[in-house]
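Hello,

Here is the structure for you to look over. My notes on what turned up follow below it.

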Amino acid sequence: MTISRRPRTVAYRSSHAEARDLRGQCAERRATSARAIVERRATSTGAIVERRATSTGAIVETVRMSALPQATPLPLPLPGGQAGATVTLQPLLCAEMLGPKAWFEAERGARGTLHALGIGVPKRELIRVPIVAFLIEHPGVGPILIDTGFHRAVAEGGAARNRNLGPLKLLARNVRMDPAQTAAAQLRARGVDPAELRLIVMTHLHFDHASALAEFPDATVVVSQAEWRAAGARGPALHGYNPAQLDPRLQYRTVDLHAPPAQPRGPFARTLDLFGDGSVTLLDTPGHSAGHVAILLRLREREALIAGDAIYTLATLREGKRPWRSESSTDFEESVRALGAYDREHPDALIIPGHDIDHWETLAARYE
Ligand SMILES: [Zn+2]
């Protein structure tokens, strides 16, 4: 009996490669239809491994990444908007990781890459990295979660942790997290039943933001179309995604920042008013990831801007620091330019970077 390993196939749902891939899948189905499946198992990374016996007795192994759930376009505005509405904002610290500073603020020179990867960085020099989410409350919509932080399994360890993080667990080696820190537990502590949460808005789908989606099975997830495509593309882990985190019980809805009703607002070329009342606005800020959005909130007396990973730290916004890696440095620069212009025009606004522990520790528990 011989074993031949066939090339990895990836099932796409919403990608420009869809047509080509579907043809590939059909061809494969024909080729394998006469073969009996002798084994089918899921790996810790969410891939499905199938082994089939051919008529000659050989075993053919197929590795298929689990397909993303279906996502459909979301017409805007969403219901619940109220003229002049303001929202409240509660920052949630879901975990801390230790990481090399050079990942978040790149060093120049030959050692920059090594240091960004933590090579040659003594443990005592690793910096604390907050993993965060935000609870928003809108008078006509109710509670809204922005990003989800880490799933409870990340604190508890074991096989469920491996499944949740997939290959990206290598980037999450030094997590400090109490199960009481999950976004679900923190919502519960604030009187919001996670099972009742209806709406999650994602800045992007990287593993440290999408990990806990499964804890909100009845929620609708709003994500940019570009980001959804990126998470479903080939080699997701290389781009920071673990598709296994995209639990199929949730509803995934995409918004397109490049088509009406998207419009410019201040220094931002493409924005979407989520409820049509100006209270929650998505700002197209790609670069860190393909379809990253920042979220602008109207509070009672000022604005808050959840910048996500468009800026890891305030030093990216104000001191010219840059992350070691971004999906597109051209887009990243464009997004930082717009955020910088906003910062100068709104000195009273609260701008919250994605992973800045020093800034995080200055935040209040609640903003109105
Ligand atoms: Zn992040």
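In this predicted model, six strands form an open sheet in the order S14-S15-S16-S17-S18-S19, and the pairing is mixed. The edge positions are taken by strand S14 (263-265) and strand S19 (350-353); each has a single partner strand, so one side of each has no neighbour in the sheet. From one strand to the next, the twist averages 35°.

At the S14 edge, the partner is strand S15 (residues 268-273), and the two run antiparallel, joined over 2 bridges. Within this part of the sheet, glutamine 263 lies opposite threonine 271 of S15.

Helix H8 is a separate item. How many of the residues in H8 (residues 225-232) are buried? The count is 8 of 8, so to speak a mostly covered helix. The buried residues include Trp228, as well as the charged-letter positions Glu227 and Arg229. Gln225, Ala226, Ala230, Ala231 and Gly232 are also on the buried list. Among the elements that cover these buried residues are strand S6 (71-73), strand S12 (220-224) and strand S13 (251-255).

On confidence, the chain has a mean pLDDT of 87, with 87% of its residues at 70 or more. Residues 1-34 are another matter: pLDDT stays under 50 there, and the model has 40 contacts beyond four places in sequence for that stretch. Where pLDDT is low, predicted coordinates should not be read in detail.

Regards

Terms used: Residues numbered from 1 in each chain as written. Predicted model: local features only at pLDDT ≥ 70, side-chain atom pairs only at ≥ 80, totals over all residues. Buried ≥ 20, exposed ≤ 12 C-beta atoms within 10 Å, placed from the backbone. Helix = DSSP H or I, 4+ residues; strand = E, 2+ residues; numbered from the N terminus. Contact = placed C-beta atoms within 7 Å. pLDDT = per-residue confidence, 0-100. Pairing = 2+ DSSP bridges. Axes fitted to C-alpha atoms, helices over the stretch in contact; angles between N-to-C directions.
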